[in-house]
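Subject: Handing over the structure

Hello,

I am passing on the structure we spoke about, so that you can open it beside this email. Please look through it first, and then read on for what I found.

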Amino acid sequence: MKLRSLLPGAVLVLVVLIAALLSFLWTPFDVTDLDIRNKLKTPDGAHLLGTDHFGRDILSMLMVGARTSIAVALVAVGIGMGVGVPLGLAAASRRGSWLDEFIMRGNDLVFAFPSLLIAIMITAVFGPGAVNAIIAIGIFNIPVFARLTRGAALSLWTREFIMAARVAGKNSVRISVEHILPNIMNLLLVQGTIQFSLGILAEAALSYVGLGAQPPIPSWGRMLADSQTLITLAPHLAIFPGLAIVLTVLGLNLLGDGLRDWLDPRLRRER
Amino acid sequence: MSVDSGPPLGDRQPASDHQRANSVLPNRVGALPLLALEKVSLSIHDTPILHDISLTLATGKTLGVIGESGSGKSMTALSIMQLLPRGAKLSGCIRFDNQTLTDLDEAALCELRGSDIGMIFQEPMTALNPVKNIGDQVSESIRLHRTVSRDEAQRLTRETLERVGLPNDEFPLARYPHELSGGQRQRVVIAIAIACKPKLLIADEPTTALDVTTQAGILDLLRSLQATEGLALMLITHDLAVVADMADDVVIMRQGRIVESGPRDCIFKAPQHEYTLDLFAASAFVPGKRQKQASGNVSAPLLSVQNLICEYPVSRRGLFKPATTFRAVDDVSLDIRAGESVGLVGESGCGKSTLTRALLGLMPIHSGVVQLNGESVSHAHRVSRRVRQQMQIVFQDPYGSFNPRHKVARLVAEPLHVLDSPPEGKVKNSRVVEVLESVGMSADDRDKYIHEFSGGQRQRIAIARALIINPALIILDEAVSALDVSVRAQVLELLSSLAAEKGLAYLFISHDLSVVRRVTDRVLVMKDGRIVERGDTETVFVAPQDEYTQALIGAAPRLEF
Amino acid sequence: MLDYLFRRIGSLLATLLVASLIVFVVIEVVPGDPASYMLGMNAEADTLAALRSELGLDRAKPQRYLEWVSGMLRGDFGRSYTYRTPVADMVSDRLWISLPLTLYALTLSTLIAFPAGILAASRRGGVVDTVVMAFTQLGIAIPNFWFAMLLVLLFAIKLGWFSAGGFAGWDAGAFAAMKSLTLPAVALALPQAAILARVMRSSLLDVLGEDYLRTARAKGLSRRQALLNHALRNALIPVLTIIGLQFSFMLAGAIIIENVFFLPGLGRLIFQSIAQRDLIVVESVVMLLVFAVVVVTFFVDLTYAWVDPRLRHGR
């Protein structure tokens, strides 16, 4: 019954993904085409979602913008998982050691910084741009995954099947890979979708304040920033990019919830 | 209404009682029971749980409800409390004290619960709210049902706690649950249940989670409460021995049905139903003991432990206080010879688990020597292959001891990793089939996942996993404790025949005295990290020397009478 | 209890120390010399050197770090490179907007989330639960700055109830000041309230499955009484963690929201300073925000001890 969120979530995410991929091959209009005569048009047959103050097609810009959002958020999640999961596994397998202590204190430290603030600081120091946005967002994914992995792995390490593997002479690296990782994969997948959606929001916020992807690359946050001065004149400029963000994030969250319910063996047995 | 309240204990006539109990005669006029269930059936989300449960209980009597896990005994109790989970549908009629509980509305039921009916649960560690002190939790019950002043409620609370054996000078009301032991917490739970002097007390496995000495104390308390307060007691348990001591009448449940019921003496002396017979047979089960080989005693010990000490660092209580350590295993020495079965008995927290881990080389030892066939096991993470090849373990929890994501073949084959040249392909496969069959499983089970098996089957698979490398010693860590009695008997039988066949040595670790007595040649009794008594199993059980052993053996409920 | 307090204070100081080091190092690697930036491309070499020495840029880095930290301890945050005024004064003016805004939003978010979460949990699976959950799902997905724009569109432009931006100033009276902070606070609060309500609900549902709730019901408490007397306090523990995290999130979120509403708060200050390479201001503002977050975490930890007696006794 809980699975009702899986389908709408998957559909929304799929639509955004397809739009992003399609934009490599085809968009209704070229996003670099400036057509001042047709500026600030409200939605009509030619421009389904209208045009901006340079006469660019909003729908086309949204499609290309999806590319930026997804790429930034996806790579940031990759950084978080790639670094955080091994750290968490290592910390759990040496519980209470200096390594564990070091990793956990490091995590606490990162949590002490308001994430958006540091993202702003990093992009400000190293210069605005998509790559720096990815790094800034990715850094904050590391402790999230490290902490999650460590917590889940710790409870697994006390389980008897891990003891059995130790009695069978397996070392901690092998146990982590063979027994721990497969058993926390679901958890990581669900957290991955959540961090993905947070990444989309963070990217939008950074490009809104001008620290994300730089023009001429369209991005949803930047479109919102541009629309702000024109909000009384052309509210649709503010509405559509916002809706794109909301629907993408909503889709990812629904997908995450659905996946969690679907993958939870307790719920599955009841079906 | 199969169980009548029964005549007074004095004029008991077993044969006729028994017949009456199993007939469908109506209740005797005048002796209206306090509690009566009539044809109660229950389903949860359309899964049937209880079928036509009928029973009665009179004031001042004790009714024992016996069943293995999943028999529906707890759901029967929750039906009486009308505290059923979501999606529950109940039919039939539950009468209590001239009221029909099944007709009452929620407000009336709230008034009844805790005031006229009290209930005690199995798990004392989690049954109390961790963020409220015990005084508040007990007095809440009083203030809810009696209109008394705050001071009066405090006084009654202190009095109630005294009644359950928690004197106020030692256990002030401001204590929090985490500052109490399991037995003490269970006493607080009992205090909550009896604070308003209920007419009926339902105890659902009240001692299952407790150590045997603590268990005896709680049972004594329930018995004396029942005598002094004249309440009706419904005692739900899986343990025949607990009921044997206390119940006037007995109901035996299986798969949501009552299979047999009647006065205790009738059921215990002349059980009728096949399942009841099985239950008794399994409880009294003694596998054929092997003859000890005379030569085995002369040979060098297989496992030799000398003056073993294991310590844990205790997290510092304060910033300026020195770090301390807790000595979990204190100067333990023991020998196990090839083919010998040695029992290690102790209550929870006595250091059994730490000792096990140290023997397996899974934790660092502070001092002392552990040797297997002359080779040291002393260094954690650095245990040699040859040691690992000779020692295996079977754990208590048949659910937690397998990786749920691997198939049985992979699970059973895992220890092969430790061999010098692990078999591959067909050889490996035939080895897996061989051990599976030797524990009474079939070759087809290889391709199943562990959740497809019952608890008893899982323990068989766990034994297969231990056997696959032909170890000389298997450590059985509470290996049958989580199993129902009938399944337990089968697993013990299997262990016994495997030992005879393969000349295995066992270290049998358990809190359950009866199990240890049945399957071991020698026994060690452990308390606070030390071995307080050792000797031949029978000698220790018949003539225990140490005070603690005596208490332990004396406290265990027994079936014989 | 005292031990718990000492341990917390110890970790608080350690975190601040390491954080200050990190902030210093990150800012110091920034390319570009503030002095040459301020004087323009074709400044004389000796003017540049004089300015560098005046700003303290010519001293060794460890020494500058020590001076910076010891200065902050005395409440002296240095002088802005650009405006040549004490950073402490600049910051404290701005703080009087950012901090009230954050607290206002946090209060709103808690006031909305608690009833919503409790209601949803107690009516689990019912209509109320479904509606609340649907709204929270939406709330989580909305970027707060976009929500802010929508609020401006509706309440300022269409309805004219609030002004579209700017700050009335505390001199105009508390009411006028709070009124100009209301739309920003709502924009900040609602998305966070959605998260908090979900945490509250799931935490309560977890606790409702505990054995001691059954004990409470067996005592004769109604569902409602058991929920309020026994479940709520236990469910509060994870909720407090989230409230603590949200404080830091809102403080940072305020930086962005201030942009939408043209509020002269810390956010505007930090963007200005970044643009003008006024590093000392950036350093100080970041450090100040980190300090606020760490202190709030400290108080959240203390609240844990109040809620959970097991922590009080040092376990």
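Before anything else, a term you will need: pLDDT is the predictor's confidence in each residue, on a scale from 0 to 100. It matters here because this is a predicted model, and where pLDDT is low, the predicted coordinates should not be read in detail.

Let me begin with chain B, where pLDDT averages 82 and 88% of the residues score at least 70. Within chain B, the confidence is lowest in helix α1 (residues 14–22), with a mean of 40, whereas strand β7 (residues 200–204) has the highest, at 93. Two stretches of chain B deserve caution: pLDDT stays under 50 over residues 1–30, although the model has 52 contacts beyond four places in sequence for them, and pLDDT also stays under 50 over residues 290–296, for which there are eight such contacts.

As for its make-up, chain B contains 20 helices and 20 strands, and of its 561 residues 46% are buried. If you take the contacts in chain B with a separation of 6 or more, 70% of them join residues that are 24 or more positions apart.

Next come the places where chains meet. Between chains B and C, the contact takes 28 residues from chain B and 22 residues from chain C. On the chain C side, α1 (2–28), α9 (211–218), α10 and α13 (309–312) each supply at least two residues, and α9(C) gives the most, with six residues. By class, that side of chain C divides into 10 charged, six polar and six nonpolar residues.

Between chains A and C, 29 residues of chain A are in contact with 33 residues of chain C. The elements of chain A that each supply at least two residues to the side touching chain C are α3 (98–112), α4 (115–126), α7 (172–208), α8 (220–228) and α9 (236–263). This side of chain A has 23 nonpolar, five polar and one charged residues.

Finally, please look at helix α10 of chain C, which covers residues 223–261. What is the distance between its end C-alpha atoms? They are only 45 Å apart, although α10(C) has 39 residues and a straight helix would reach 57 Å at 1.5 Å a residue. Along its course, α10(C) bends by about 50° at A231(C), and the residue that follows α10(C) is F262(C), whose phi is positive, near 55°.

Best wishes

Methods
Residues numbered from 1 in each chain as written. Chains lettered and ligands numbered in written order. Predicted model: local features only at pLDDT ≥ 70, side-chain atom pairs only at ≥ 80, totals over all residues. Helix = DSSP H or I, 4+ residues; strand = E, 2+ residues; numbered from the N terminus. Expected span 1.5 Å × (residues − 1). Bend = angle between axes of the 7 residues up to and from the residue. Contact = placed C-beta atoms within 7 Å. Nonpolar A, V, L, I, M, F, W, Y, C, P; charged D, E, K, R; others polar. Buried ≥ 20, exposed ≤ 12 C-beta atoms within 10 Å, placed from the backbone.
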